[in-house]
Structures are given as structure tokens and as C-alpha cells.
Amino acid sequence: MEQQTTGSAWPDPPVFYKRYKSENVAKLKQAQETGEFPSDLIKQPPLSDFDLKQLAPPEPPTDAYAVFDQQWQVRDRLPTLKEQNIKQLFADGEIDRVAELKRLNRTLIVQFLDLLDVLVKQPEEFGKRIENISTIFINMHHILNEYRPHQARETLRLLMEEQLDKKRQQSAEIRKKTKETMALLEQFASTLSAPAKTP
């Protein structure tokens, strides 16, 4: 692979863009139409040799893709707790989120008091309680994250209403100033058209 320099604030484009000469693109089109790609590598000094198939754009991802070793979903959705191998403490399907959050909050308080009791009596056995508290927090966080699309819609609605009110106010101010200006112009025109008084 060719070396890429990134020392500048505006680095040069990757050197492999030089592969896309008109004759190489024509060869690629012909190969795609016939379905037969030549087996020999294309030599184009000073670039390293490359296969004609490398000029074709990659297939768009359909499920997931990796960027900087992070997996991202094409369809942005909240993964379930089961997909993340985390124990789910609430029922599947439609739930009353407020009631579930209250229930989990009470469970969290009980687990925390249990942790304090264990730390006093048997400090070496605190790990299980910490794990339970962590699972409760993750479940609460997951329920809250299910509200994110609704929150985004409401935030966008409020932002648009605010912009609309601001534009209406600006339009009203422009109309007011226009009326004032027109009144001044009419007054000035009547002053000019009035006959001059002779002494």
C-alpha cells in the first residue's frame, strides 16, 4: 500500500486516486459489462501494481459496518438487552415505563442497603451485590434510552416553533417599519407637492 502523509493541516488526497485514469475506468466498465475481469495486475509506476477489481466501489453495507474498530448499525436502533448479553429485569413487549422505572428504583435502593449490610458483615462478598446494582442501572438506562426518539422529535418540534415565532415577530416588525416609512414618504411627498408660500 502506498504511504500517505498526514502531517499537514490539509493533507493531499490518498495517492490511489491516480489509479482512476480514463483508460482504467474504461477497462473497469468493459469488465463489469462482460463479467470477466483480467487476471493480470495493472502496472502504473510509481504506484504499486493493483487489480482492476480494486477500482470498483465497495458494496454498500446492509447490516453493520466498522469504523475505527467500532461496530455501527446501518439502521440506527437501540439493541435489546438480550443482544448485549445483559439480564433483562422487565417484561418483553409494551410496558408502562414510568411504573417500571419506579419499580427498578425501589429494587435499586433495596440492593444498595443490602450492599451496605454485606460490607459491614461480610466485606469479601460484595461483588454479587455490585453486579446486581450494575444490572439494575443498565436496565433503567435502557428504558430511558427508549425515550430518545420521542425526545428528539419533541426537541425538534420546540425548535421549529421557536424559529417560527421569531420569524413571525421579525415579519411584524418589518411590516410596522414599512408602514412608518410609507407614512413618512407620503408626508414628504405632500410637503413637496404643496405650493410654496409667497411673501
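Trainee: What makes the meeting of the side chains of Asp 114 and Arg 129 a salt bridge?

Mentor: A salt bridge requires a side-chain nitrogen of Lys or Arg within 4 Å of a carboxyl oxygen of Asp or Glu. For Asp 114 and Arg 129 the N to O distance is 2.9 Å, so the pair meets the rule. The pair links distant parts of the chain, with Asp 114 in helix α2 and Arg 129 in helix α3, 15 residues apart. The model is a predicted one: local features need pLDDT of at least 70 and side-chain atom pairs count only at pLDDT 80 or more, whereas totals for chains, interfaces and linings use all residues. Residues are numbered from 1 along each chain as its sequence is written, and side-chain values use heavy atoms, leaving out hydrogens and water.

Trainee: How many salt bridges does this rule give?

Mentor: The count comes to nine. One of them joins Asp 117 and Lys 121 at 3.3 Å, N to O. Both residues lie in helix α2, four residues apart, about one turn of the helix. An α-helix has 3.6 residues a turn, so residues three or four places apart point the same way.

Trainee: Why is Lys 121 called exposed?

Mentor: Exposed means over 50% relative accessible area, buried under 20%, and partly exposed in between (1.4 Å probe, protein chains only). Lys 121 has 63%, and is therefore exposed. Its partner Asp 117, at 34%, is partly exposed.

Trainee: How do you know that Gln 111 counts as buried?

Mentor: Its relative accessibility is 17%, which falls under 20%, so Gln 111 is buried. Gln 111 is found in α2, residues 97–121; helices are DSSP runs (H or I, at least four residues) and strands likewise (E, at least two), numbered from the N terminus. The buried residues of α2 include Leu 104, Leu 108 and Leu 115, and the buried residues of this helix pack against α3.

Trainee: Which residues does Gln 111 touch, not counting residues up to four places away in sequence?

Mentor: They are Asn 132, Ile 133 and Ile 136, where contact means heavy atoms within 4.5 Å.

Trainee: What makes the pairing of the side chains of Gln 111 and Asn 132 a polar contact?

Mentor: The term covers N or O atoms within 3.5 Å; within protein, one must be able to donate a hydrogen and the other to accept it, and residues adjacent in sequence count only if both atoms are side-chain atoms. The two side chains are 3.4 Å apart, so the contact qualifies.

Trainee: How do you know that the span of α2 is close to the expected one?

Mentor: The expected span is 1.5 Å times one less than the number of residues. With 25 residues, α2 is expected to span 36 Å, and the helix reaches 36 Å from its first C-alpha to its last.

Trainee: Why is Ile 130 called partly exposed?

Mentor: Ile 130 has 41% relative accessible area, between the two cut-offs, and is therefore partly exposed. This residue of helix α3 (127–145) also belongs to a nonpolar surface patch of about 640 Å². Patches take residues with over 30% relative accessible area and no salt bridge, joining like charges within 9 Å and nonpolar side chains (Val, Leu, Ile, Met, Phe, Trp, Tyr) within 5 Å. The areas come from the Shrake-Rupley method with a 1.4 Å probe; for residues, only the protein chains shown count as cover. Helix α2 gives the most to this patch, with five residues.
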